Amino acid sequence: MMENNNNKSTLFDAELIKRYSKPGPRYTSYPTAPMFSEAIGPNEFRNEIAETNNSKEPTDLSLYFHIPFCDTLCYFCACNMLITHDDDKKENYLRYLKKEIDMIAELTKSDRKVSQMHWGGGTPSYLPPSQIVSLGKYIRESFTFDDDAEVSVEIDPRGLTREHLEAFKEIGFNRISMGVQDFDPEVQEAINRIQPEDMTIQVVDWCRELGFKSINLDLIYGLPHQNVEKFRKTVRSVIDIKPDRIATFNYAHVPWMKKHQTIIKDEWLPSTDEKLKLLHLVIDEFTSAGYEFIGMDHFAFPEDEIVIAQNNGTLHRNFQGYSTKKGCDLIAMGITGISEVGDIYAQNVKTLDEYYEIIDNGELTTFKGYKLSHEDQLRKEIIMQLMCHFYLDKKSIGDAHNLSFDEHFSDALEAMEPMREDGLLEITEESITVLPVGRLLIRNITMAFDEYLTDKKEKKFSKTI
Ligand SMILES: C[S@@+](CC[C@H](N)C(=O)[O-])C[C@H]1O[C@@H](n2cnc3c(N)ncnc32)[C@H](O)[C@@H]1O
Ligand code: SF4
């Protein structure tokens, strides 16, 4: 068992948070997506899969399927999604997805078990139940699943029927994550997402009746017309629903990347001070209700696997956020999906036309990516350990990589010095420990180890708080 940071409390210091707030990555990968280039294409991806097949003990697989379609546009949305009302268009996409599955299944050795699968979007539950079952069965026939695989899907309660959930259950899904964002009618109207509280409660009830093992609800703070008084009501309603996990995302307002977000007028957004109060409220309310703050917007009950993994040092972070399945090779299928296999990241093309054309030519749809150097691997390990455990064993990193940590990372240590002085972290000869006041600023802390951040690259990200 790894040494750990046992002090799991989080202290809220509004002045410090304001001072440190700046654009920064969420580190679902390191290096981050702006570093990806066309040096990685289908050949590099194929070779890397072959190499990982041949390693002495091939690692388990984690499969991600991107289902981009949605019924209506939520004005805040920063996901890779497409609005359609055409079931044939969805059917056509699934036809191509199945061809991609054939290619990947042929490349990965059949003795490699799938220990994790996730369908994300867009909105996977916007597929009709018959298409859900058809895709699910196809995947199950193409790969070998571990009996206790973690199988999760993102759903939207709007337009969802019990039959959709029965379809997910039939093909072995055991975890459900659903978008809520905010229950307040004025906020819902401003974001073009009318989703009455009763509708969400009904869907949660169905999930429980059908025996899904874990339910997650997504909220967003920083949306138009939110304030402390109204958001407290939403948060308390969520506490009454008692989901196993809660994600409370910081609204990423990036209108330069997502044009439709310009519909949301700046003057509708809560001020920085109000937004900080919303974050404070979220942490206070959920931790008082018995949830633990895992870090980076996530809460779960102490007995949840994700908290146990954090306690025993096995928590992991990838493109889907936190995960308990460390050491898998992640293969993403569908448009925009990003794989993480061996030493490379590989991203699929972003448009349906490109995706269909490449697959018609019998090729993998990778269009860019990144091959990690030894130095990148080392920094990735450090950033992920800090993100997941708020603790870093400097000595064991130094020993494992045959280097003097303090010499090798003198720049990072220098960059962290003001944070140490501000009480965000403690640095000793052996370790770095993120202190309660630093937990909310973990992105700023880990940025010290990012070799590639320049002012220009930083500006592409949303604000850390
Ligand atoms: C793919 S969606 C979840 C499934 C489904 N499409 C839905 O919205 O119910 C993933 C989640 O990303 C979050 N999200 C989307 N755009 C965001 C933004 N601009 N800032 C922060 N979170 C965002 C929302 O909480 C959303 O529930
Ligand atoms: S938030 Fe979900 S439902 Fe809304 S547009 Fe984005 S992906 Fe679609």
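Which side chain meets R236 in a salt bridge? In this predicted model, the partner is E285, and the N to O distance is 2.8 Å. R236 sits in helix α8, while E285 belongs to helix α9, which spans residues 272–288. The two residues are 49 residues apart, and their pairing links distant parts of the chain. R236 counts as partly exposed because its relative accessibility is 44%. E285, at 11% relative accessibility, counts as buried because buried means under 20%.

**Salt bridges between distant parts of the chain**

The structure holds 26 salt bridges in total. The table sets out the R236 pair together with two others.

| Pair | N to O distance | Separation in sequence |
|---|---|---|
| R236 and E285 | 2.8 Å | 49 residues |
| E186 and K230 | 2.7 Å | 44 residues |
| K213 and E305 | 3.1 Å | 92 residues |

In the E186 and K230 salt bridge, 2.7 Å separates the closest N and O atoms. E186 comes from helix α6 (residues 185–190) and K230 from helix α8 (residues 228–241), so this pair too links distant parts of the chain. E186 is partly exposed, with a relative accessibility of 44%. K230 has a relative accessibility of 19% and counts as buried, because the cut-off for buried is under 20%.

K213 and E305 form a salt bridge through their side chains, at 3.1 Å from N to O. K213 is in the loop between α7 (197–209) and β7 (214–221), whereas E305 is part of helix α10 (residues 305–311); the pair therefore ties together parts that lie 92 residues apart in sequence. K213 is exposed, with a relative accessible area of 53%. E305 counts as partly exposed, at 32% relative accessibility.

**A salt-bridge network and the shell of ligand 2**

Which residues are joined into one network by salt bridges that share partners? They are D156, R158 and R193. These three residues are also found around ligand 2.

The other residues around ligand 2 are C70, T72, C74, F76, C77, G122 and T123. By class, the shell contains four nonpolar, three polar and three charged residues. The nonpolar group consists of C70, C74, F76 and C77, because Cys and Phe count as nonpolar. T72, G122 and T123 make up the polar group. The charged group is D156, R158 and R193, so the charged part of the shell consists of the residues that the salt-bridge network joins.

Note on methods. Residues numbered from 1 in each chain as written. Chains lettered and ligands numbered in written order. Predicted model: local features only at pLDDT ≥ 70, side-chain atom pairs only at ≥ 80, totals over all residues. Heavy atoms only, no water. Near = heavy atom within 4 Å. Salt bridge = Lys/Arg side-chain N within 4 Å of Asp/Glu carboxyl O. Helix = DSSP H or I, 4+ residues; strand = E, 2+ residues; numbered from the N terminus. Buried < 20%, exposed > 50% of the residue type's maximum accessible area, 1.4 Å probe, protein only.
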